[in-house]
Amino acid sequence: METILNILFSGVFNASTLFLVAAGLQVVFGVQKVFNLACGSFYALGAYFGIVVVKSFVAGGFPKPLFIAPLIGAGLLLGFIGPIFERGLIKFVYGRDETFQLLLTFAIVMMIEDVIKFIWGTSPQTMGGIDLVYGQLNVLGATVPVYNLIVILCSLIIAALIGYILLNTKFGRIIRATADKREMSEALGINMTLVYVKVFTLGTVLGTLGGALVIPATAAVSEMGVELIVLAFAVVVIGGLGSMKGAFIGALIVGVLKSIAISTYPELEMLTIYIIVIAVLVIKPQGLFGGARV
Amino acid sequence: MKTWQEITSLKNVKIWVLIIIGLFLLGIPLFASQFLNYLMLTFFAYAITVIGFNLLFGYTGLLSFGHALFMTVGAYTAAFLTGKFSVLYMEAILVVAVIISSILAALIGAICVRYIKIYFAMLTLAFGMLFYTFLLKFYYLTGGDEGMRVLRPYLLGFNLSEIPKMQYLTRSYYIYTFVILVILTFVMWKIVSSPFGLCLKAIRDNPEKAEYLGVSVKRYRWYAFIISGAYAAIGGALLAPAIGQVDPGLTYWTHSGTLVFMTLLGGFENFFGPLIGGIVYIFLQDKVMSLTTYWRFIFGAILAFLVIVAPGGIAGVVSSLVKKEKRDE
């Protein structure tokens, strides 16, 4: 029972950050129709930047348990690179063949990986177990780090927030309208440029925030973006491209499966995930929640 | 007797240029350094892979982001046959690599060609990563992340284990690989200019119309997938003895990205584009890597530039310059 709970909790923890990155991927794909491979790189940048901010926060003599605030701040702040990439590169390939859009984001992946190596070097970076400051909690015999629960909670709040924004605000309605019919929304007087910048920034923030939140519990390595993007890719394929609900369910499936596989048959860890991805693509290429808009 | 005009007509000039380039490439070992030869050798292996890849990408319009899978199949075939089964005949390795990769490509292709564009790219990426984790996790079979050693194969039945390694690679193996490249390039030329190749182009430009005209779109895409898979496997099998060691990194999705990069760099709209891209990529990478460890950044910037400004690649830029020249006259 305890082990099952442990597996489940670590799975949901995986899922919570995975969801953020995948949600970033989805929102950009939904509106711009660009499959952004660089989402994983934004995640890696968020992680490294989070380490820098938290370390200087602690070095500045602030109380350790408050580190979550600057961490989230770092994730949000780093979102400013979104408009830079959108205006500087991505905007040139709207309306071009998907192949070229994909390749352009691949170029960004290559560049960011080296930027990280240039700034932070190749050795893994950690926060030195700062997440343990919150201690551990006993849930029905299973010990769960409290920090992980906080991350799960944050992720749920963000998910609810995205849901609220998409369904109940003007911006959300514009996003959904654009995802549905771009020309029509443009004809109705919506400033597309602005929407694109905002949406891409949202996608970026979700990635950087995901990276910042996950990093106290693990170590940052320069390849983490390249590794995560294939997981996020699995999530969106299983959930359905462009669907937020899909990202949520997909992240849960991939996250929990991953932790089950790790604790039972480590050899099969990623193998099962890819097999599911292929199975989903073959049986229902639009994914579990495909067809439903953002 | 041929008239002088006939000999110097445009088509013949092109053939002469190719022959001269071919002889030049063949003659490189006579005067160039061993290292340069070695780079050329890697280029030959990649050239075979990308020229097959472009049948799928440039001619059929399908972007595979997992094509390194087949290259890896070829490379591991060489490693298994030489290391575990003591089969050292290169010809046997190539035949087995083609058979295995064709079967695999037929299976994977049967699933993938039902989709196009982004879904096709994603499916192939998923298969590539599936194979990657397979190689990584089943280490008792594949050596895991350390990979496997590749022994020196016999060429045309000759046991060449007496010669020093670099001499073997830059002389005998160099010529061997080059001849295979020339043959396969010629075969590919025949394929793309055959009715089959024209059908592929028609499918790329307008699948509905092609289907309407009686071309079985999926079947032709499937054929193209198998052929390009077999080409990649030959490239991989030839690359393996040159690098001497194969590891799962060969099938990681970024390596597939490298193949796309090479093709785009040279120009996917031109038959020889991928070859140009391959040679430029390999030599540029060597140059940039010797200058800075951050070569990926520079290559990323080049790729971004290509995508935004010059999607036709080097061949595209050159041909548009030539056209401009002609217009000005």
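1. Setting aside neighbours within four places in sequence, the residues in contact with B:L265 are B:G277, B:V280, B:Y281, B:L306, B:G313 and B:I314. This is a predicted model, and the points below should be read with that in mind. B:L265 belongs to helix α12 of chain B. One of its partners, B:I314, stands 49 residues away along the chain, yet the two C-alpha atoms are separated by 6.2 Å.

2. Is B:L265 buried or exposed? B:L265 is buried, because 26 other C-beta atoms lie within 10 Å, where 20 or more are needed for a residue to be called buried.

3. The helix that carries B:L265 also takes part in a helix pair: α12 of chain B, residues 253-266, packs against α13 of chain B, residues 273-291, at an angle of about 110°, and the two axes are 6 Å apart. That angle makes α12(B) roughly perpendicular to α13(B), since the class runs from 65 to 115 degrees. The crossing of these two helices, α12(B) and α13(B), is right-handed.

4. On the α12(B) side, the contact with α13(B) is made by B:F261, B:M262, B:T263, B:L264, B:L265 and B:G266, while α13(B) brings B:G273, B:P274, B:L275, B:I276, B:G277, B:G278, B:V280 and B:Y281. Sorted by class, the contact of α12(B) with α13(B) holds nine nonpolar and five polar residues, with no charged ones.

5. Turning to the contact between the chains, 34 residues come from chain A and 33 residues from chain B. On the side of chain A that touches chain B, at least two residues each are supplied by α5 (98-120), α10 (224-239) and α12 (269-283) of chain A, and α5(A) gives the most, with 16 residues. By class, that side of chain A has 28 nonpolar residues, one polar residue and five charged residues.

6. As for the fold of chain A, there are twelve helices and two strands, and along the sequence they follow the pattern α-α-α-α-α-β-β-α-α-α-α-α-α-α.

7. The overall dimensions of chain A can be set against a simple expectation: a compact globule of 294 residues would have a radius of gyration near 19 Å, and chain A, with 19 Å, agrees. Along the principal axes, the C-alpha trace of chain A spans about 55 × 45 × 35 Å. Buried residues make up 53% of the 294 residues in chain A. Of the contacts in chain A with a separation of 6 or more, 79% are between residues 24 or more positions apart.

Technical notes
Residues are numbered from 1 along each chain as its sequence is written. Chains are lettered from A and ligands numbered from 1 in the order in which they are written. This is a predicted model: local features need pLDDT of at least 70, side-chain atom pairs count only at pLDDT 80 or more; totals for chains, interfaces and linings use all residues. Two residues are in contact if their C-beta atoms, placed from the backbone, lie within 7 Å. Helices (H or I, at least four residues) and strands (E, at least two) are DSSP runs, numbered from the N terminus. Ala, Val, Leu, Ile, Met, Phe, Trp, Tyr, Cys and Pro count as nonpolar, Asp, Glu, Lys and Arg as charged, and the others, Gly among them, as polar. Axes are lines fitted to C-alpha atoms, for helices over the stretch in contact, and angles run from 0 to 180 degrees between N-to-C directions. Angles under 35 degrees count as roughly parallel, over 145 as roughly antiparallel, 65 to 115 as roughly perpendicular and the rest as oblique. A crossing is left-handed if the near helix is turned anticlockwise from the far one by less than a right angle, and right-handed if clockwise. The radius of gyration is taken over C-alpha atoms; the globule rule is 2.2 Å times the number of residues to the power 0.38. A residue is buried if 20 or more other C-beta atoms lie within 10 Å of its own, exposed if 12 or fewer, and partly exposed in between; C-beta atoms are placed from the backbone.
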